[in-house]
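Subject: A structure to look through

Dear colleague,

Here is the structure I promised to pass on to you, with the sequence beside it. Please have a look at it first, and then read on for what was found.

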Amino acid sequence: MAAADVTVAQSAGFDNEDDDEEILSPDDLSEYLTAGTKEAHDRAENSPFAKDFLRGRIKRELFKLGTAALYYVYSALEEEIERNKDHPMFAAVYFPSELHRREALAEDLEYLYGPDWRERVSCLAAAKPYVERIRWVGRHDPGLLVAHAWTRYMGDLSGGQVLKRVAQRALKLPASGEGVRFYHFEGIHSPTAFKRLYRSRLNELEVDVRMKERLVAEANLAFRFNLEVFEELQETGKGIKEEVQDSGVPAHGDMGGDISK
Ligand code: HEM
């Protein structure tokens, strides 16, 4: 390990267990990714959609559309991961039972849209190029797939844990977890400990500086797609006449009570 080793105290802030220190080097791929996407992360976190969401100002219809978009993204991601699970640039970070979200998203959509959800959901325009990029990468440049996996799964295990609680409260979803299964990783007891394991696996991958830079560029592309999905949701929200959900029961009949309608 390089002489310039630094100690990075992991401060996910949302789960306090297993919070001991982790020794990482700036040359480690995990650190390249964190540092190289910091600006993009700041942009995503400070986007109007994210800020409204964090304040509990999320319209039920937007939450449903966002969940559907994630279903298309994770279906593509997990299909390409399966295709490449033995690839030397992916095998070490292949954790299907701990991470994969497609089934959880399908359950959420069934709850949110009803049993005929498959006929009722469609993919947001902004999510389409994202899905296409993941499929292209999986087939033609699979070494880059890890950038997409890292961007989503590590995000879900971080900020995603807060979003779950906000959504449950704002949309009055049941405490039993229906509608937000996506945010709950049944096979992961401690997100902090799992993120540490994931980082150490990432850092075992054989990557030269050129490849690290390509991975950072791909992760930034993934962040851009995610931001574009947020922007489309924000824009769509302007046309939805629905009470924001943070101040009580929704006033509009079609959104009240049984949200599976
Ligand atoms: C990490 C919050 C949006 C991807 C984190 C962390 C927090 C956070 C608190 C933990 C940082 C740490 O461990 O020190 C948020 C909030 C968001 C948001 C509040 C807005 C709602 C996003 C988006 C993405 C994303 C849109 C990309 C899809 C990531 C990734 C990490 C992360 C990949 C792991 C970074 C690492 O381990 O170095 N986020 N985030 N986040 N987030 Fe987000």
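A residue counts as buried here if 20 or more other C-beta atoms lie within 10 Å of its own. Please keep in mind throughout that the model is predicted. With that cut-off in hand, take Phe53, which is found in helix α3: this residue has 24 other C-beta atoms within 10 Å, and it is therefore buried. If neighbours within four places in sequence are left aside, Phe53 is in contact with Ile58, Leu163 and Val166. The C-alpha atom of Phe53 is also separated by 9.2 Å from that of Phe63, a residue 10 places away along the chain.

Now to the chain as a whole. It has 12 helices and two strands, and, read along the sequence, both strands come before the helices. Of its 261 residues, 35% count as buried, and among contacts with a separation of 6 or more, 79% join residues that are 24 or more positions apart.

The largest nonpolar core has 60 residues, and Ala69, Val73, Val146, Ala149, Trp150 and Ala167 are those with the most contacts inside it. Helix α4, which covers residues 60–83, gives the most to this core, with 13 residues. As for Ala167, its contacts, again leaving aside neighbours within four places in sequence, are Ile58, Phe63, Leu173 and Val180. In soluble globular proteins, nonpolar side chains tend to be buried together.

Next, the ligand. It is surrounded by 23 residues, of which Thr34, Ala50, Gly155, Ser158 and Gly159 are the closest. The elements that each give two or more residues to this shell are α2, α3, α9, α10 and α12, and the largest share, five residues, comes from α9. Sorted by class, the shell has 10 nonpolar, 10 polar and three charged residues.

Last, helix α11, residues 191–202, is one you can check for yourself: at 1.5 Å a residue its 12 residues should span 16 Å, and its end C-alpha atoms are indeed 16 Å apart, which agrees. Which residues of α11 are buried? They are Pro191, Thr192, Phe194, Lys195, Tyr198, Arg199 and Leu202. Seen down the helix axis, these buried residues fall within an arc of 160°, so they line one face of α11. What covers them includes α1, α5, α9 and α10.

With best wishes

Methods: Residues are numbered from 1 along each chain as its sequence is written. This is a predicted model: local features need pLDDT of at least 70, side-chain atom pairs count only at pLDDT 80 or more; totals for chains, interfaces and linings use all residues. A residue is near a molecule or strand if its C-beta atom, placed from the backbone, lies within 6 Å of it. Helices (H or I, at least four residues) and strands (E, at least two) are DSSP runs, numbered from the N terminus. Ala, Val, Leu, Ile, Met, Phe, Trp, Tyr, Cys and Pro count as nonpolar, Asp, Glu, Lys and Arg as charged, and the others, Gly among them, as polar. A nonpolar core is a set of buried Ala, Val, Leu, Ile, Met, Phe, Trp, Tyr and Cys residues joined through C-beta atoms within 7 Å. A residue is buried if 20 or more other C-beta atoms lie within 10 Å of its own, exposed if 12 or fewer, and partly exposed in between; C-beta atoms are placed from the backbone. Two residues are in contact if their C-beta atoms, placed from the backbone, lie within 7 Å. The expected span of a helix is 1.5 Å times one less than its number of residues. The arc is that of the directions from the helix axis to the C-beta atoms.
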